[in-house]
Amino acid sequence: MSNSVIIVWKKPTSTEAYKASCCFVLKEIKRLGATGLVSDIYCRGLVSVENRLWFQKEIMPEASRARLEKIAIVAPNDVFSEFYIDNQKETTLANDLDIDIGAFQDLISAQAWMLGENIPV
């Protein structure tokens, strides 16, 4: 059973909107006691270095303290997404955060992973 929060980014955002959205998601993780987060970033666009570092410094540790266990990132299979996802994985390891990060190309596969299931290809 999975208790997850899902965010689907609909368009690129300003720094203010990005941070407000991340803070809202963190608040919901805490409120619901969610152990999973599914983030569909297909339409989000690139995240600036400053925003990425802010997310890693402020949001990730707080999410870990709130007992978040898994983050499923739904993203296109391109070099930008690969860099972003690898960077998030490295951050969790470097900061000893107990959060498993998975990369998926569709929401169904991400949700199945949250439930511990595999979708046959």
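This is a quick walk through the sheet and the helices of one chain. Keep in mind that the model is predicted.

Sheet first. There are 4 strands, and they form an open sheet. The order is β1-β2-β3-β4, with parallel pairing. As a reminder, strands of a sheet pair through backbone hydrogen bonds, either parallel or antiparallel. Which strands sit at the edges? They are β1, residues 4–8, and β4, residues 100–104. Each of these pairs on one side only. Neighbouring strands in the sheet are turned against each other by 15° on average, direction ignored.

Now look at β2 and β3. Strand β2 covers residues 36–40, and β3 covers residues 70–74. The two run parallel, joined by 5 bridges. If you want one pair to find on screen, take V38: its bridge partner in β3 is A72.

On to the helices. Helix α3, residues 79–94, lies across β3 and β4. Against β4, helix α3 runs at about 170°.

Next, α1 and α2. Helix α1 is residues 15–32, and helix α2 is residues 49–65. How do their axes meet? They come within 11 Å and cross at roughly 10°. Angles under 35 degrees count as roughly parallel, so α1 and α2 are roughly parallel to each other.

Who makes that contact? From α1, we have T15, Y18, K19, C22, C23, L26 and K30. From α2, we have N51, W54, F55, I59, E62 and A63. How does the contact of α1 with α2 split by class? It has 8 nonpolar, 2 polar and 3 charged residues.

Definitions and conventions. Residues are numbered from 1 along each chain as its sequence is written. This is a predicted model: local features need pLDDT of at least 70, side-chain atom pairs count only at pLDDT 80 or more; totals for chains, interfaces and linings use all residues. Side-chain values use heavy atoms; hydrogens and water are left out. Two strands pair if DSSP finds at least two bridges between them. Axes are lines fitted to C-alpha atoms, for helices over the stretch in contact, and angles run from 0 to 180 degrees between N-to-C directions. Contact means heavy atoms within 4.5 Å. Angles under 35 degrees count as roughly parallel, over 145 as roughly antiparallel, 65 to 115 as roughly perpendicular and the rest as oblique. Ala, Val, Leu, Ile, Met, Phe, Trp, Tyr, Cys and Pro count as nonpolar, Asp, Glu, Lys and Arg as charged, and the others, Gly among them, as polar.
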